[in-house]
Amino acid sequence: MSQPRNGPLVVIAVLLASCTSGASDVETPAQPPAIRDQAAALPTGDTGAIDLASLEGRIAFGVGTDIESTEVYAVNADGSGLTRLTRNDVADFDPSWSPDGSRIVFRSQRDGNDEIYVMRQDGSGARNITHDPAADWGPEWSADGRSIAFNSGRDSNRDLHGFIVDPRGKQLRSLGDLFVEYPSWSPDGKRIAFMSQTYEVAGGNYEIFVMNADGSGVTRLTNFIGDDGWPAWSPDGTRIAFTSIRDDCRYSKAKDCETIDDLGEYHTLYVMHPDGSDLTRISKVLGQFPVWSPDGEYLAFTPAPDGIYVMHPDGSDLTLIPTEGLPAEPEMPDWIA
């Protein structure tokens, strides 16, 4: 299964149409957590309040107007040094930095199907580490640099399951039969957050789960009739940021609910503790694919007009990191020191 890259807003809809699976033997909170909303007074556009010159590190991301043209780029966190890293007539995207910043793992279709590749930070030396006819994507490097978690359709004729492999493509192991998509490591490497489908609504909706790094101890963190997805674990391990459509007017009766007409569902950003408590809305602007700065002081996300949005984890001081001149908006960023 392949995601179209003509805009991030269609991603969940396509995934729902293509994959159906439920989670079983999962710990689920007895009651949905109360939601704390601090977004009412937050900015709805670029404030310029964050001094970009103070931002350190480098951000990798994908850009493309369609599936064939998507490539991996990188930019300094202050907006300088924009560089294209891949050049192919097929899709390269889903980048994730190695902890030392020397390599990037990413998803590529250069072999005719979705595979996981590793390349040097300048785009050279790309090599396939999965080599399977089934779709492999959603890679993320562990904090110790020894493991890469990803989701795959291998060993199944329809479902996505979680796997771990080392950066050489060796020591492949399964995380079990649970539906796993877009895994995110805890900084201590002991747990993995991920998005998984449930059967609460027709066709299945996405929720956020966590499990131990061996696939045991699966716990459901969110409980909503619409989709929650793309978890991102904070560097100190105390919070998980994620994307939700719970503020779209099709799901919310709040006066400040949002809509984007027929373009898809309105996604906003939330944070919570790793046990699902203190669920808090932190954005009013449309946003997906959150990623933490290496020091945990900021969250970056897309889409944004000609750039990448960055803000504090409480949603304040929304500021645009510019990436002018690209053929489309950046998607799926990842930030390294």
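Me: What is the relative accessible area of C249?
Reply: In this predicted model, C249 counts as partly exposed. Buried means under 20% and exposed means over 50%, with partly exposed in between. The relative accessible area of C249 falls in that middle range, at 26%.

Me: Which residue forms a disulfide with C249?
Reply: The structure holds one disulfide. A pair of cysteine sulfur atoms must lie within 2.5 Å to qualify, and here the two sulfur atoms are 2.1 Å apart. The partner of C249 is C257.

Me: Is the disulfide of C249 and C257 right-handed or left-handed?
Reply: The handedness follows from the torsion about the S-S bond. For C249 and C257 this torsion is about 95°, so the disulfide is right-handed.

Me: How many salt bridges does the structure hold?
Reply: A salt bridge requires a side-chain nitrogen of Lys or Arg within 4 Å of a carboxyl oxygen of Asp or Glu. Among the pairs that satisfy this is R168 with D166, at 2.7 Å from N to O. The count of salt bridges comes to 14.

Me: In the salt bridge of R168 and D166, which residue is buried?
Reply: The two side chains meet at 2.7 Å, N to O. R168 has a relative accessibility of 52% and therefore counts as exposed. The other residue has a relative accessible area of 6%, and the buried one is thus D166.

Me: Which residue forms a salt bridge with R246?
Reply: R246 lies in the loop between β18 (240-244) and β19 (268-272), and its partner lies in strand β17 (residues 228-233), 18 residues apart. R246 is buried, with a relative accessible area of 8%, and the partner is also buried, at 0%. The closest N and O atoms are 2.5 Å apart, and the partner is D228.

Me: How many residues apart in sequence are the parts that the pair of R281 and D256 ties together?
Reply: The side chains of R281 and D256 meet in a salt bridge of 2.9 Å, N to O. R281 lies in strand β20 (residues 279-281) and D256 in the loop between β18 and β19. R281 is buried at 3% relative accessibility, whereas D256 is partly exposed at 32%. The parts tied together are apart in sequence by 25 residues.

Me: Which residues are linked with D256 and R281 in a network of salt bridges?
Reply: The pair of R281 and D256 forms a salt bridge of 2.9 Å, N to O. This pair belongs to a network of salt bridges, and the other residues linked in it are D37 and D247.

Me: How many residues of β14 are buried?
Reply: One of the residues in β14 (residues 191-198) is M195. M195 counts as buried, at 0% relative accessibility. Strand β14 as a whole is mostly covered, and of its eight residues the number buried is seven.

Me: What separates the C-alpha atoms of M195 and E140?
Reply: M195 is in contact with residues that include F179, Y206, D228 and W230, leaving aside its neighbours within four places in sequence. E140 is 55 residues apart from M195 along the chain. The separation of their C-alpha atoms is 14 Å.

Me: How many bridges join β14 to strand β15?
Reply: β14 pairs with strand β13 (residues 181-185) in the antiparallel sense over three bridges, and A193 is the bridge partner of S184. β14 and β15 form a hairpin with six residues between them, and T198 stands opposite N205 in β15. These two strands run antiparallel, and the number of bridges joining them is eight.

Me: Which strands stand at the edges of the open sheet of order β9-β10-β11-β12?
Reply: This sheet of four strands has antiparallel pairing, and its twist averages 20° from one strand to the next. An edge strand has a single partner strand, so one of its sides is left without a neighbour in the sheet. The strands in this position are β9 (136-141) and β12 (173-179).

Definitions and conventions
Residues numbered from 1 in each chain as written. Predicted model: local features only at pLDDT ≥ 70, side-chain atom pairs only at ≥ 80, totals over all residues. Heavy atoms only, no water. Buried < 20%, exposed > 50% of the residue type's maximum accessible area, 1.4 Å probe, protein only. Contact = heavy atoms within 4.5 Å. Pairing = 2+ DSSP bridges. Axes fitted to C-alpha atoms, helices over the stretch in contact; angles between N-to-C directions.
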